[in-house]
Amino acid sequence: MGLIGSGFIAKQKHLPAWRKVRGSAEVVALCDPNVVQAEELARAHGIPKVYKDFREMLEVEHLDAVDICSPPRTHGDLAVYSLKAGAHALIEKPMAINTEECDCILAAARENERKICVAHSDLFYPSFVKARKLLKAGTIGDFRGMRIFLSTPMDYITSKPEHWAHKLPGGVIGETGPHVIYMTLAFINPIRAVRVDAHKQMAQFPWSPYEDYRVDLIGDEASCSVALTYATNRWAVQIDLWGSEGHMKFDLETQTVVVHGRADLKPVTLGLSTVKEVGQILRGTIGTSVSYVTGQFENTHERLVREFVDSIRNGSPPPVPPEEGREAVRVMGLLVSQLPSATA
């Protein structure tokens, strides 16, 4: 396979994941207009060939698959060309800038009988996977709603005037917003309406339109309230689910999942529920720590890449089908359209 893009996401997430599946798949070429940066990354990962033009890479290498890690505005053209050249495609989120581009990608995949997988990586966190299983098993009764809190440090995007994310529809939320949308769609699908409130907090970053967002994603029978901040120096992703018989909290960094339900507020009920919650946190934290120390922890992109490779080799569905990627792009369009200074 060949990888397109040599920036942060390729270096920190995708290439380390591809190293884990050596024996099943091999990265034989890396492409980026920034050849110097690409060559440096290729040397670090033992990739034999570097290309400036993706068309040349596809023509020369006869690739089975490509991994598109370039900025979102390039995804549509790169994916369509790669699919027509006979390569399956793994596309970093978002799938594309708008649903029209998504539809072109889907059509190219059908016409050329190739697979598409969208890198909705947060779906593969152990805590996210566990929470979905617990909900399906009826642990908290009938699903009633959810809440997401996401904090992205200022120095990741906000403080960088030349970062490509500022050129996305909606600005910085166009880069991390898709995460909260596809996580919501895992529980609430379809999303019928979106409400947004945005605030400008950091005057020293005039290129950033907003740093604080409150978003409501509304489905037929449930909704999700989202708080996104780009004005702190800390990472955080925490999710709450509530049902008719309980409440579940999970953390995508500690990988803890806590289930509690208080039918009343009697002292005994509160005391027992507190002890149970502490026990769940301790077990989850210890388990996560052990998996990290022993090297058994499989991160989200490792699992995504492994399952994508398996889908190609075995003829099974991709771990994140393109229709899910398109739906996330559609809802992201609704979100951006609610911003006061939104531009499509």
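## Two sheets and their aromatic pairs

Asp67 stands opposite Leu90 in strand 5. That is a handy place to start a walk through this predicted model. The partner strands here are strand 4 (residues 65–68) and strand 5 (residues 88–92), which run parallel and share 4 bridges.

Both strands belong to an open sheet of 6 strands with parallel pairing, ordered 3-2-1-4-5-6. At its edges you will find strand 3 (49–51) and strand 6 (116–119), each pairing on one side only. From one strand to the next, the twist averages 15 degrees. Helix 3 (residues 54–61) packs on this sheet, where it touches strand 1 (2–4), strand 2 (29–31), strand 3 and strand 4. The direction of helix 3 makes about 140 degrees with that of strand 3.

Now for the other sheet. It is open too, with 7 strands in the order 8-9-10-7-11-12-13 and mixed pairing. Strand 8 (191–199) and strand 13 (257–260) each have a single partner strand, so one side of each is left without a neighbour in the sheet. Neighbouring strands are turned by 10 degrees against each other on average, direction ignored.

Within this sheet, strand 7 (residues 143–151) pairs with strand 10 (residues 223–229) in the parallel sense, over 6 bridges. Here Arg147 stands opposite Ser225 in strand 10. Two helices are worth finding on screen. Helix 10 (residues 322–337) packs on the sheet and touches strand 8 and strand 9 (212–219), at about 45 degrees to the direction of strand 8. Helix 6 (residues 126–136) lies across strand 7, strand 11 (236–243), strand 12 (246–251) and strand 13, and runs at about 165 degrees to strand 12.

Next come the aromatic rings: the whole structure holds 9 aromatic pairs, including the two in this table.

| Ring pair | Distance between centres | Angle between planes | Geometry |
|---|---|---|---|
| Phe205 and Trp207 | 5.7 Å | 45 degrees | tilted |
| Tyr210 and Tyr213 | 5.9 Å | 75 degrees | edge-to-face |

Why is the Tyr210 and Tyr213 pair called edge-to-face? Their planes stand at 75 degrees, and angles over 60 degrees count as edge-to-face. As for accessibility, Phe205 is buried at a relative accessible area of 11%, whereas Trp207 is partly exposed at 30%. Tyr210 counts as buried at 12% relative accessibility, and Tyr213 is buried with a relative accessible area of 0%.

Two further aromatic features round off the tour. Phe128, Phe143, Phe187 and Phe250 form one aromatic cluster. Elsewhere, the charged end of Arg55 sits over the ring of Tyr81, 5.6 Å from its centre.

Conventions:
Residues are numbered from 1 along each chain as its sequence is written. This is a predicted model: local features need pLDDT of at least 70, side-chain atom pairs count only at pLDDT 80 or more; totals for chains, interfaces and linings use all residues. Side-chain values use heavy atoms; hydrogens and water are left out. Two strands pair if DSSP finds at least two bridges between them. Axes are lines fitted to C-alpha atoms, for helices over the stretch in contact, and angles run from 0 to 180 degrees between N-to-C directions. Contact means heavy atoms within 4.5 Å. Rings of Phe, Tyr and Trp (its six-membered ring) pair if their centres lie within 6.5 Å; planes under 30 degrees apart count as stacked, over 60 as edge-to-face and the rest as tilted. Buried means under 20% relative accessible area, exposed over 50%, partly exposed in between (1.4 Å probe, protein chains only). A charge sits over a ring if NZ of Lys or CZ of Arg is within 6 Å of the ring centre and within 35 degrees of the ring normal.
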